[in-house]
Amino acid sequence: MSASSPLRVRAAAIGLSAMALMTVAAATAPSGQAAPAAGGRPAAAAAVTTLKFVRNTGDPQNSRLMVVRNNKTEAVFRAGSGLGRNHAKGRDECASGKGWLPAGTYTVGARQTRYNGNFIKGHAIPLSNKTCKNGRTTRTELFIHSEMTLSGGQGSTESRRWDGVGDYKSAGCIKLAPEDIKKLFRNLGRGSAPNRLVVV
């Protein structure tokens, strides 16, 4: 063995130790942060998608649902919630089955193209339950949906057929026109799934 062999062995051991430290750093990077990529640059983080529903006090059936990715609005759709400005409880977020969606943050479920509920069919996105501002009433069975058949077409009965602006009324869910909910689904299919809905 030459005199330089111990030095080569030591250099190799130092190199292996450095690689081990990089592996540990990558594995223990804080949640939500990208671990450094090769060359010391951080890896690109996945886009964060949020849905935002802006309630229109003057005309709840002319509200807006937005797709926001990394704080940039990518799409805006007309939407409605509740029974409207002419109904005594239409803007009362604590009026189950009548008032609009309570303000706050919701967990967004997986989007479904063939949802088969008793009242809702076709394209639908379930939302988490929400306790309204009175602290007692919990709104349940909340969705983003439209009026359509199970296959996404238009049926013969009113609840399966979109007839116009009057159909933006809901029992509290967010409702979109059939063509708009299909556009929403296509948009969401091009990026990360939404992790939450914010209602203001």
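This tour goes through a predicted model stop by stop, from the whole chain to a sheet, a helix and a pocket.

Residues are numbered from 1 along each chain as its sequence is written. Because the model is predicted, local features need pLDDT of at least 70 and side-chain atom pairs count only at pLDDT 80 or more, while totals for chains, interfaces and linings use all residues, and side-chain values use heavy atoms, with hydrogens and water left out.

**The whole chain**

Begin with a cartoon of the protein chain, which holds 2 helices and 11 strands, where helices (H or I, at least four residues) and strands (E, at least two) are DSSP runs numbered from the N terminus. Followed along the sequence, the pattern is α-β-β-β-β-β-β-β-β-β-β-α-β. If you then colour by burial, 36% of the 200 residues count as buried, a term that stands for under 20% relative accessible area, with exposed meaning over 50% and partly exposed in between (1.4 Å probe, protein chains only). Contacts (heavy atoms within 4.5 Å) between residues at least 6 apart in sequence join residues at least 24 apart in 54% of cases.

**The hairpin of strands 2 and 3**

Select residues 63–69 and 72–79 next, which are strand 2 and strand 3, paired in the antiparallel sense over 7 bridges; two strands pair if DSSP finds at least two bridges between them. Within this pair L65 stands opposite F77 of strand 3. The hairpin has 2 residues between its strands, and N70 takes a positive phi near 50 degrees there.

**The four-stranded sheet**

Now show strand 5 (residues 112–116) and strand 6 (residues 121–127), which run antiparallel and are joined by 3 bridges, and which form a hairpin with 4 residues between them. Two positions help with orientation: Y115 stands opposite G122 in strand 6, and Q112 has A124 of strand 6 as its bridge partner. Adding strands 9 and 10 completes an open sheet of 4 strands in the order 5-6-9-10, with mixed pairing. Strand 5 and strand 10 (174–175) stand at the edges with a single partner strand each, so one side of each is left without a neighbour in the sheet.

**Helix 2 and its cover**

Turn to residues 178–188, helix 2, whose buried residues are P178, D180, I181, L184, F185, N187 and L188. Their cover includes strand 1 (49–54), strand 2, strand 3, strand 5, strand 6 and strand 9, so showing those strands together with the helix brings both earlier stops back into view.

Is N187, a residue of helix 2, buried or exposed? With 5% relative accessibility, N187 counts as buried. Leaving aside neighbours within four places in sequence, N187 is in contact with V67, R69, E74 and A75.

**The largest pocket**

Finally, display the largest pocket, which has a volume of about 510 Å³. A pocket is an open set of points, on a 1 Å grid over the protein atoms alone, where a 1.4 Å probe fits and protein lies on both sides within 12 Å along at least five of seven lines, and lining residues have an atom within 4 Å of a point; the volume is the space filled by probe spheres set on the points. Of the 22 lining residues, F119, I120, E141, A171 and C173 lie nearest the centre of the pocket. Strand 8 (138–139) and strand 9 (142–145) are the elements that give two or more residues to this lining, and strand 9 gives the most, with 3 residues. The lining divides into 7 nonpolar, 10 polar and 5 charged residues, where Ala, Val, Leu, Ile, Met, Phe, Trp, Tyr, Cys and Pro count as nonpolar, Asp, Glu, Lys and Arg as charged, and the others, Gly among them, as polar.
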